[in-house]
Amino acid sequence: MKQFTSDKEAADALHYSYRELTSEISKVIVGQDEVVRLVLTAVFCQGHCLLVGVPGLAKTLLIQTIASTLDMSFNRVQFTPDLMPSDIVGAETLDNDRNFRFVTGPIFANIVLADEINRTPPKTQAALLEAMQEHAVTVAGHRYRLPEPFFVLATQNPIEQEGTYPLPEAQLDRFMFNITLGYPSYESELQIVKNTTGATVHQLNRILHADDILAFQQLVRRVPVADNVVEYAVKLVHQTRPNMPMASKQANQFLEWGAGPRASQHLIVGAKCNAILNGKYSPDIEDVQEVALPILRHRIVRNFKAEAEGISEEQLIRELL
């Protein structure tokens with residue numbers, strides 16, 4: 001881990017490392033620049049991500065590729081209806097001397113890919129979400145710390161409802177970003193097909209180590225932010241809360257519930273990181289707006305009128321912005 005003489009130098013290093021990471025990731029992932037930016041923002045903000053998209057959009061490959069460019073431990077868990085909490089966190093077993101010994105589960109890694117998280121029952125989902133919040137698990141009365149840094153990057157398929165257990169809104173709130181993946185453009189898909197139907201195998205370089213990530217996370221927290229930017233972020237969140245003093249007309253008309261205080265916190269931390277990734281040393285209102293959609297999307301609940309009129313969460317958020 002290189003030592004920096006000032007936060008300005010460290011911020012420049014983070015900006016440069018981000019450009020290196022995106023260049024390396026683009027060897028494998030085509031046409032998902034915005035998704036890559038948001039996932040890396042979450043990594044530098046100590047946040048977790050939920051990626052939502054139809055099958056075949058390379059959600060799993062994208063996360064595996066990002067993990068390959070970071071020199072940290074990585075585990076993948078395929079969520080199924082019969083998955084148990086112990087399959088994720090681990091369990092106590094009897095060793096040869098008939099003593100109980102804790103065998104760690106796949107959650108003991110820096111990056112955990114929770115593939116198709118909505119395919120497993122609430123009991124197993126809860127085991128994962130506790131670890132996301134506490135960065136620790138408790139088994140048989142003993143508390144075990146998870147390695148730092150720790151991220152959960154989960155994927156979800158929105159088009160299959162049979163045999164799925166959608167995450168409740170309160171648990172969705174644990175994710176910093178809810179990122180939706182759309183279909184690639186014609187030109188991007190041409191490039192994807194050319195890249196994936198040949199014999200070429202791309203070797204990815206590891207750009208950052210765990211210590212680098214931890215240092216950059218602390219740097220993001222130290223980024224100064226003007227009062228008017230904080231006020232804008234908090235006001236934006238308050239506008240999503242129906243029947244409250246600062247509620248917007250759209251919120252009163254189309255929302256059942258608005259975003260909580262965690263949204264305000266994520267808006268500011270996300271804006272700080274977004275500013276550095278764009279080569280700035282302090283965020284402005286535009287940085288808040290750039291991260292607002294994936295932060296607020298899963299934290300507001302539409303009412304029946306909005307659903308009946310086909311008004312989406314994205315439309316309501318864009319009107320607020």
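Reader: By class, what residues make up the lining of the largest cavity?

Author: Sort the lining residues into nonpolar, polar and charged, then count each group. In this predicted model, the lining of the largest cavity has four nonpolar residues, three polar ones and no charged ones. The residues to click on are Gln239, Ser248, Gln250, Ala251, Leu255, Leu316 and Leu320.

Reader: Which helices each supply at least two residues of that lining?

Author: Here you match the lining to the secondary structure. Two helices come up: α10, spanning 249-254, and α14, spanning 313-320.

Reader: And how many cavities of 30 Å³ or more does a search of the whole structure find?

Author: Just one. As for its volume, the largest cavity comes to about 40 Å³.

Reader: Okay, on to the sheet. In what order do the five strands run, and is the pairing parallel or antiparallel?

Author: Walk across the sheet from neighbour to neighbour, rather than along the chain. You get β3-β6-β9-β1-β10, an open sheet with parallel pairing. At the edges sit β3 (74-78) and β10 (177-180), each with pairing on one side only. From one strand to the next, the twist averages 20°.

Reader: Let's zoom in on one pair. Over how many bridges do β3 and β6 pair?

Author: Five bridges, in the parallel sense, with β6 covering residues 111-115. To get the register, find which residues face each other across the two strands. Take Arg76 as your starting point: Leu113 in β6 stands opposite Arg76.

Reader: So I can start from the edge strand β3, step to β6, and carry on through β9 and β1 to β10.

Author: That's the way to read the order, with β10 as the other edge strand.

Note on methods
Residues are numbered from 1 along each chain as its sequence is written. This is a predicted model: local features need pLDDT of at least 70, side-chain atom pairs count only at pLDDT 80 or more; totals for chains, interfaces and linings use all residues. Side-chain values use heavy atoms; hydrogens and water are left out. Two strands pair if DSSP finds at least two bridges between them. Helices (H or I, at least four residues) and strands (E, at least two) are DSSP runs, numbered from the N terminus. Axes are lines fitted to C-alpha atoms, for helices over the stretch in contact, and angles run from 0 to 180 degrees between N-to-C directions. On a 1 Å grid over the protein atoms alone, a cavity is a set of points where a 1.4 Å probe fits but cannot get out, and a pocket is an open set with protein on both sides within 12 Å along at least five of seven lines; lining residues have an atom within 4 Å of a point. Grid points are joined across faces, edges and corners, and a volume is the space filled by probe spheres set on the points. Ala, Val, Leu, Ile, Met, Phe, Trp, Tyr, Cys and Pro count as nonpolar, Asp, Glu, Lys and Arg as charged, and the others, Gly among them, as polar.
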